[in-house]
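Let's take a look at the charged side chains here, and at who pairs with whom. The overall build comes along for context.

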Amino acid sequence: MRYDVLTLFPDIITDYCSYSIMKRGIEKGVITVNTINFRDFTHDKHRKVDDTPYGGSSGMVLMAPPIFEAYESIERTENSEFIMLTPQGEPYNQKISLELSKKDQIILLCGRYEGFDERVRLGLKPREISLGDYVLTGGELGALCIMDSVSRHLDGFLNKEESSVNDSFSEALEGRLEHPQYTKPREYRGMKVPEVLLDGNHAEIEKFRHKESVLRTKIRRPDLI
């Protein structure tokens, strides 16, 4: 998978990708991450990327020309997806992350300030995605969330492929929340590990986990049932 991230703050992307599983994914060649600063595609001495909105309003709006030129500088594969991070987009979920993992390239456009000149949407026709019904200062956090969640589906990204099989919202759990997990010690401050997890009966363990997954989902996310 190749990620190309259009951003005014490339260090946010590269810093995150220099740690933990993302770093290992890059080192193993499972993913590549490129950043494109659309400020580099300005043509004035101040490298201006934003301006006041026509019609009057508070804040500044990102200008179309630098974004168009930055996007057009990227070499695209046939199987690519161009995504704009915006609160106005479709809500992101595990199903979309799995869908995106089938791509060879994902291009992510990160906004700032009061958003984009509408002609970015009209002219470049990105797929618009939102992490949820709230507003962030910039799109970089959203881009990193997509990169992280999509990469987990890729062969060779995780140390153990089964690590992602029973994640919350996964197909194996039929979209439910994951069951509770326990590790050593067996008892801590009066709280004990359920006996069913200790006796080695895998059939009973699976029944227990399924029951707990359903119960947890009903309580915390009944909309998923």
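## Salt bridges and their surroundings

Arg121 is a buried residue, with a relative accessible area of 12%. That fits the cut-off, because buried means under 20%. Keep in mind that we're looking at a predicted model here.

So what does Arg121 pair with? Its side chain meets that of Glu128 in a salt bridge, at 3.0 Å from N to O. Glu128 itself comes out as partly exposed, with a relative accessible area of 22%. This pair therefore joins a buried arginine to a partly exposed glutamate.

Next up is Arg47, which forms a salt bridge with Asp40, and there the closest N and O atoms are 2.4 Å apart. Arg47 has 35% relative accessibility, so this arginine counts as partly exposed.

Then there's Arg209, bridged to Glu206 with 3.8 Å between the closest N and O atoms. Why are these two about one helical turn apart? Because Arg209 and Glu206 both sit in helix H7 (residues 202–220), 3 residues from each other. Both ends of this bridge are partly exposed: Arg209 at 28% relative accessibility, and Glu206 with a relative accessible area of 48%.

Here are the three pairs side by side:

| Pair | N to O distance |
|---|---|
| Arg47 and Asp40 | 2.4 Å |
| Arg121 and Glu128 | 3.0 Å |
| Arg209 and Glu206 | 3.8 Å |

Not everything comes as a simple pair, though. Glu81, Glu90, Glu99, Lys103 and Arg127 are linked in a network of salt bridges. How many salt bridges does a search of the whole structure find? The count is 14.

Zooming out to charge in general, the protein carries 31 positive and 37 negative side chains. The centres of those two sets lie 6 Å apart.

As for the fold, there are 7 helices and 9 strands. Along the principal axes, the C-alpha atoms fill a box of roughly 70 × 40 × 35 Å. Of the 225 residues in the protein, 40% are buried, and Arg121 is one of the buried ones.

What about contacts along the chain? Taking contacts with a separation of 6 or more, 73% are between residues 24 or more positions apart. On the outside, the accessible surface comes to about 13600 Å², and carbon and sulfur atoms account for 51% of that area.

How values were computed
Residues numbered from 1 in each chain as written. Predicted model: local features only at pLDDT ≥ 70, side-chain atom pairs only at ≥ 80, totals over all residues. Heavy atoms only, no water. Salt bridge = Lys/Arg side-chain N within 4 Å of Asp/Glu carboxyl O. Buried < 20%, exposed > 50% of the residue type's maximum accessible area, 1.4 Å probe, protein only. Helix = DSSP H or I, 4+ residues; strand = E, 2+ residues; numbered from the N terminus. Contact = heavy atoms within 4.5 Å. Areas by Shrake-Rupley, 256 points an atom, 1.4 Å probe, with all protein chains shown as cover. Lys, Arg positive; Asp, Glu negative; His and termini not counted. Charge placed at Lys NZ, Arg CZ, Asp CG, Glu CD.
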